[in-house]
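Please look through the model below before reading on. The points that follow are meant as a colleague's notes, to be checked against the structure one at a time.

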Amino acid sequence: MTSLREIALLKQLKHENIVRLSEVLVGSKFDSVFLAFEFCRIDLANLLDLQARGEVGFFTLAEVKCLLI
């Protein structure tokens, strides 16, 4: 029930800093639910991993503000 409520809210959200949920797909089994989001080139977790491995430098203040706002 909680998941359905969260999916419904996510489907309604329209904000430039929130990834848009495009579609909710149901598989052949009752517990097979798939969420289709808009394409993002990279997510925050991968970006932080790249930074931790030293593949990208430290974030500038402007980049930090962009990520957090």
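1. A strand, as the word is used here, is a DSSP run of E with at least two residues, and strands are numbered from the N terminus. By that naming F37 lies in strand β2. Please keep in mind that this is a predicted model.

2. The two strands to find are β1 (21–26) and β2 (33–37), which pair in the antiparallel sense over five bridges. To follow the pairing on the screen, start from V24, whose bridge partner in β2 is L35.

3. Between these strands runs a hairpin, which joins β1 to β2 through six residues. One residue worth checking there is S32, which is placed in the loop between β1 and β2. Is S32 buried or exposed? S32 has a relative accessible area of 18%, and because buried means under 20%, S32 counts as buried. Leaving aside residues up to four places away in sequence, S32 touches L25, V26 and G27.

4. On the surface there is a nonpolar patch formed by V19, V24, V26, V33, L35 and F37, with about 460 Å² of accessible area together. Both β1 and β2 supply at least two residues of this patch, and the largest share, three residues, comes from β2.

5. F37, a member of the patch, deserves a careful word, since a place on the surface need not make a residue exposed in the sense used here. The relative accessible area of F37 is 39%, so F37 is described as partly exposed, a term for values between the 20% limit for buried and the 50% limit for exposed.

Key: Residues numbered from 1 in each chain as written. Predicted model: local features only at pLDDT ≥ 70, side-chain atom pairs only at ≥ 80, totals over all residues. Heavy atoms only, no water. Patch = residues over 30% accessible without salt bridge, like charges linked within 9 Å, V, L, I, M, F, W, Y side chains within 5 Å. Areas by Shrake-Rupley, 256 points an atom, 1.4 Å probe, with all protein chains shown as cover. Salt bridge = Lys/Arg side-chain N within 4 Å of Asp/Glu carboxyl O. Helix = DSSP H or I, 4+ residues; strand = E, 2+ residues; numbered from the N terminus. Buried < 20%, exposed > 50% of the residue type's maximum accessible area, 1.4 Å probe, protein only. Pairing = 2+ DSSP bridges. Contact = heavy atoms within 4.5 Å.
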